Amino acid sequence: IGVFINLGEKIKVLFISHSSNIFGAEKSLLLLLKNINREHFEPIVVLPMSGPLKERVNTLKIKIYEVKSPWWIRSRKEKNILLNISRLGQCIILEIIASCKIFKIVKQEKINIIYTNTIVNFSGAIVALITKVPHIWHIREIISKNPNLFSYFPNEILFNFIVKFSNKVIANSIATANQFKKSKSNKRIIVIYNAVDTENFKYKKVLINDKIKFSDWLVAVIGALQKRKGQDDVIHAIKIAKKNIPNIKLLIIGDVGDIEFKNYLKILTSKLNISNNVIFTGYRNDVPQILSNCKVLVMPSWNEPFGRVVIEAMAAGIPVIGVNAGGPKEIIQDGISGYLIPSCNPSAIAEKIIYLYHHQSIGKKMGENGKKIVKKKFNVKSHTKNIEKILYEIAGNKK
């Protein structure tokens with residue numbers, strides 16, 4: 001049930017972010033905030049704390065509130081049942097406090113729509129239910145096939161809760177939306193692909209690391225260091241490809257998601273005797289420039305919900321080798337902008353890397369095709385308009 005907004009009034013949207021870092025979900029939110037029509041919408045943002053995202057939002061002259069909401073879906077690091085029960089009690093207390101604070105913000109700012117940016121926070125939905133303010137839930141995660149995530153609720157209950165307490169559920173891919181097939185009222189779900197600002201992905205020669213020469217043949221894999229992300233598959237692939245490509249270097253870009261897995265990856269590179277061919281860069285804020293210096297991006301994740309780095313690589317004009325599942329299956333056009341391969345298959349990754357090395361004109365053509373696809377299908381203008389359309393519809397404003 002929408003709230004009617006008089007013509008001439010701005011629609012006030014409260015965007016709730018689970019994090020103040022700048023990873024995939026936060027990048028997408030920031031892109032929307034930058035491009036939303038400020039003549040028709042007044043965005044207000046809730047962040048859990050200070051951080052890089054707050055600094056970037058501040059430059060947009062958008063009002064920010066700090067409210068720390070609990071995460072109801074979190075990394076599966078602790079298997080101790082008693083500890084999880086204790087954390088559940090903490091989440092309940094934090095949720096009551098957070099919901100009260102957001103309730104006050106909604107009333108004080110006369111918010112027209114609440115927009116929750118990821119699956120992990122429930123505060124926006126709870127306050128929307130109490131205040132009768134329309135709620136949008138933007139889902140960017142696949143829970144059912146993610147061994148690294150832990151939910152306090154069974155999937156069926158979780159998905160029904162999300163759909164029931166949202167006027168619209170935005171999924172970042174068909175793969176993400178398919179989780180809700182069995183949910184009641186699943187007609188509220190709409191797929192809107194992420195977008196990327198192609199202006200940021202222009203070629204710039206950069207010295208990425210002092211261990212890397214400009215003559216090296218660079219392969220990149222980007223993402224949190226977690227088992228499901230499959231960085232170990234690419235390391236095995238580099239060992240195979242090195243026989244054909246002596247100057248190959250693999251850039252493993254991303255923060256630690258699992259310290260044990262990171263240690264395993266480093267031990268693996270040593271055991272395979274390719275430590276000089278694998279560079280752990282950690283988090284980088286110059287990914288567009290790095291990608292423009294690479295020859296190929298590999299997305300080995302088993303079941304990625306979307307794969308923002310895939311469209312970033314395409315925007316940078318390089319081919320992508322991705323697993324034939326999840327979001328990458330919907331993005332990569334096999335043989336046109338890259339290659340789709342089976343999951344957990346280092347030999348298949350190595351085969352495609354070696355082929356692109358020996359057929360660099362084909363790789364260049366794939367990169368050009370990828371740029372065209374991004375501009376047509378994953379552009380900022382269309383992405384923003386599609387979300388604005390939902391906001392207008394829910395607010396009852398038929399502009």
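**Exercise 1. Decide whether Asp286 is buried or exposed, then find its charged partner.**

Solution.
Step 1. Asp286 has a relative accessibility of 17%. Buried means under 20%, so Asp286 counts as buried.
Step 2. The model is predicted, and side-chain atom pairs count only at pLDDT 80 or more. On that footing, Asp286 forms a salt bridge with Arg284.
Step 3. The closest N and O atoms of this pair are 2.9 Å apart. The cut-off for a salt bridge is 4 Å.
Step 4. In general terms, side chains of opposite charge can pair when their charged atoms come close.

**Exercise 2. State what the salt bridge between Lys249 and Asp216 ties together, and how accessible its partners are.**

Solution.
Step 1. Check the distance. The side chains of Lys249 and Asp216 meet at 3.0 Å, N to O.
Step 2. Place each partner. Lys249 lies in strand S11, residues 248–253. Asp216 sits in the loop between strand S9 (189–191) and strand S10 (217–222).
Step 3. Draw the conclusion. The partners come from these two places, so the pair ties together parts that are 33 residues apart in sequence.
Step 4. Add burial. Lys249 has 11% relative accessibility and counts as buried. Asp216 has 9% and is buried as well.

**Exercise 3. Locate the salt bridge of Glu312 with Arg308, and then widen the search to the whole structure.**

Solution.
Step 1. The closest N and O atoms of Glu312 and Arg308 are 3.4 Å apart.
Step 2. Both residues belong to helix H10, residues 308–315. They are four residues apart, about one turn of the helix.
Step 3. Both Glu312 and Arg308 are buried.
Step 4. Elsewhere, Lys12, Lys63 and Glu109 are joined into one network by salt bridges that share partners.
Step 5. Over the whole structure, the search finds ten salt bridges.

**Exercise 4. Describe the backbone and the surroundings of Lys110 and Lys132.**

Solution.
Step 1. Read phi. Lys110 has a phi near 55 degrees, positive although the residue is not glycine. For Lys132, phi is near 65 degrees, again a positive value in a residue other than glycine.
Step 2. Place them. Lys110 is in the loop between helix H3 (81–109) and strand S5 (113–116). Lys132 is in the loop between helix H4 (123–131) and strand S6 (135–139).
Step 3. Check accessibility. Exposed means over 50%. At 67%, Lys110 therefore counts as exposed. Lys132, at 66%, is exposed too.

**Exercise 5. Find what builds the largest nonpolar core, and trace the contacts of Phe378.**

Solution.
Step 1. The largest core has 34 residues. Leu251, Leu291, Leu297 and Phe378 have the most contacts inside it.
Step 2. At least two residues each come from S10, S11, helix H9 (287–292), strand S13 (296–299), H10 and helix H13 (360–377).
Step 3. H10 gives the largest share, six residues.
Step 4. Beyond four places in sequence, Phe378 touches several residues, among them Tyr193, Val196, Phe306, Ile311 and Ile331.
Step 5. A second, separate core has 31 residues, including Leu250, Ile252, Val278 and Ala350.

**Exercise 6. Judge where the coordinates call for caution.**

Solution.
Step 1. The chain averages a pLDDT of 92, and 94% of the residues score at least 70.
Step 2. Over residues 1–5, pLDDT stays under 50. The model still has 15 contacts for this stretch beyond four places in sequence.
Step 3. Where pLDDT is low, the predicted coordinates should not be read in detail.

Technical notes. Residues are numbered from 1 along each chain as its sequence is written. Side-chain values use heavy atoms; hydrogens and water are left out. Buried means under 20% relative accessible area, exposed over 50%, partly exposed in between (1.4 Å probe, protein chains only). pLDDT is the predictor's confidence in each residue, from 0 to 100. Contact means heavy atoms within 4.5 Å. A nonpolar core is a set of buried Ala, Val, Leu, Ile, Met, Phe, Trp, Tyr and Cys residues joined through side-chain atoms within 4.5 Å.
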